[in-house]
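Open the model in a viewer and keep the sequence panel beside it. The stops below each begin with a selection and then say what is there.

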Amino acid sequence: MKKDLDCPYSMIDREIICEHKTARVTPEDINTVHNHDGYEIVFFLRGDVNIMIEPNMIQMQRGDMFFISPLVFHGLNLEDISGYERVVINIQYECLKQLGDEETDFSSLFRSAATPDMNHLRVPEEDLPEFIELAEKLQVSMDSKEFGHSVLSKALLTQFLLLTCKYSSNAPLMKKESIMPHVVSKIFDYLDTHIEEDITISSMAEALHYSSDHLSRVFSEATGDSLKHYINAKKIALAQKLLLQNYSPYDVCFMVGYNNYSSFSRRFSKQIGVSPKQFQLSHREAV
C-alpha cells in the first residue's frame, strides 16, 4: 500500500491486501490519522490498543472486527507497541463491488444502523479460529505466484465476507462505547455540521466556547494530527466524494468551503497526488 505519513490519504494499489500482523509496531504507526480510497477490515487479536474511527475512540478487545468505509479517517492509539496482533484486509472499491451481485451487497458490512460509514462486530473466542484460518489462507494466496492465485484469493475473500455476513446477522448489536474525550467529540460534531463552510480554528473555538490553543492541543493529543491539518484533510475527503458524483472540480471547490480554486487545487494535489480533474478522470476510466 502506498502511504506517506505526511499525507493522510493512502491509495490501495492492489485489489486485495491481507496481512496477519504480529511484528512490533513502529512509533510512526501510532496516532497516524489517515483514510483510504477503498474498504478496510481490522480484525483485532491481541494488545492494548485504542482505535479511532471518526468520531469515536474505542478500546479494542480480542475478537473485535471493524469495517471501515472508503475515505473515513481512522488511526491508532497504542498503550503498548510490543504486543499488537491483528489481521488487516484492504479491498479496492470496485473489487468489493465485483465480488457481490444484485442479491449480495458486501458493502452493507461496512455500515450499521448506528454508524453509516463503519460497522463493529465482536467474534466470540470459539469462532475465532475459523476467521483466522481463512485470513491466513488469503494472505498465503495473495503472496503466491502460482497459477490461479488471484482467482483463489477472491474466492477466499468472498468466503471470509460470507462467513462474516452469516455471523453478523445473528450477532448482538454492539453498544457504542466511545472513549473519545468530550471536547474532541464536539470538534468532530462541529466539523460534520460546518465542513462546507470556510472553517478556522478561531471561529470553531468561539462557537464551542474554548480557546484555540486548547482545541488544538486536545485534538492533537487524541488523534496525533494537528487540527488545522485535519480540517483541510476532511475537506479534501469530501471533495473526493463530490468529484466521484461528477460535480465539476470548480463547483466542488466552493462546495467544500474554499474561496479560491487555485488554493483548493494545490491542497488537493498535495494530499491526493493528482489534481481534482485528474482524480475525477482516472476514476471515470476505471469504471
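Start by selecting Ile58 together with its contacts (contact means heavy atoms within 4.5 Å). Leaving aside neighbours within four places in sequence, Ile58 touches Val49, Asn50, Ile51, Phe66, Met118, His120, Glu177 and Ile179. This is a predicted model, in which local features need pLDDT of at least 70 and side-chain atom pairs count only at pLDDT 80 or more, while totals for chains, interfaces and linings use all residues. Residues are numbered from 1 along each chain as its sequence is written, and side-chain values use heavy atoms, with hydrogens and water left out.

Stay on Ile58. Ile58 has a relative accessibility of 11% and so counts as buried (buried means under 20% relative accessible area, exposed over 50%, and partly exposed in between, with a 1.4 Å probe and protein chains only). Now draw a distance from its C-alpha atom to that of Glu177: the two are separated by 6.4 Å, although the residues are 119 apart along the chain.

**The strands around Ile58**

Colour by secondary structure. Helices (H or I, at least four residues) and strands (E, at least two) are DSSP runs numbered from the N terminus. Ile58 belongs to strand S6, residues 56–59.

Next, select strand S5, residues 39–53. S5 and S6 are antiparallel and are joined by four bridges (two strands pair if DSSP finds at least two bridges between them). The connection from S5 to S6 is a hairpin of two residues. Across this pairing, Ile51 has Ile58 in S6 as its bridge partner. Twelve of the 15 residues of S5 are buried, so the strand is mostly covered by the cut-off of under 20%.

Move to strand S7, residues 64–68, where five of five residues are buried. Which residues cover each face of S7? Asp64, Phe66 and Ile68 lie on one side, with Met65 and Phe67 on the other, and all are buried.

With S7 still selected, look at its partners. S5 and S7 run antiparallel and are joined by four bridges. Glu40 stands opposite Ile68 of S7, and Phe43 stands opposite Met65 of S7. Then add strand S9, residues 118–122, which is antiparallel to S7 and joined to it by five bridges. Met65 has Leu121 as its bridge partner in S9.

**Helix H5 and its surroundings**

Select helix H5, residues 201–208, and show side chains for its buried residues, Met204, Ala205 and Leu208. They cover an arc of only 100 degrees around the axis, which puts them on the same side of H5; the arc is that of the directions from the helix axis to the C-beta atoms. An α-helix has 3.6 residues a turn, so residues three or four places apart point the same way.

Add helices H4 (182–194), H6 (212–223) and H7 (227–244), against which the buried residues of H5 pack. Then step just past the end of H5 to His209, which takes a positive phi of about 65 degrees.

**Aromatic rings**

Show the aromatic side chains. The whole structure holds 17 aromatic pairs (rings of Phe, Tyr and Trp, the last by its six-membered ring, pair if their centres lie within 6.5 Å; planes under 30 degrees apart count as stacked, over 60 as edge-to-face and the rest as tilted). Zoom to Phe188 and Tyr230: the ring centres are 5.7 Å apart and the planes are at 80 degrees, so the pair is edge-to-face. Phe188 lies in helix H4 and Tyr230 in helix H7, so the pair ties together parts that are 42 residues apart in sequence. Both residues, Phe188 and Tyr230, are buried.

Then select Tyr250, Phe254, Tyr258, Tyr261, Phe264, Phe268 and Phe279, which form one aromatic cluster.

**Cysteines and the whole chain**

Select Cys165 and Cys253. Cys165 has 25% relative accessibility and counts as partly exposed, whereas Cys253, at 0%, counts as buried. The structure has zero disulfides (a disulfide is a pair of cysteine sulfur atoms within 2.5 Å).

Finally, zoom out. The chain has ten helices and nine strands, and 49% of its 287 residues count as buried. Among contacts with a separation of 6 or more, 72% come from residues 24 or more positions apart.
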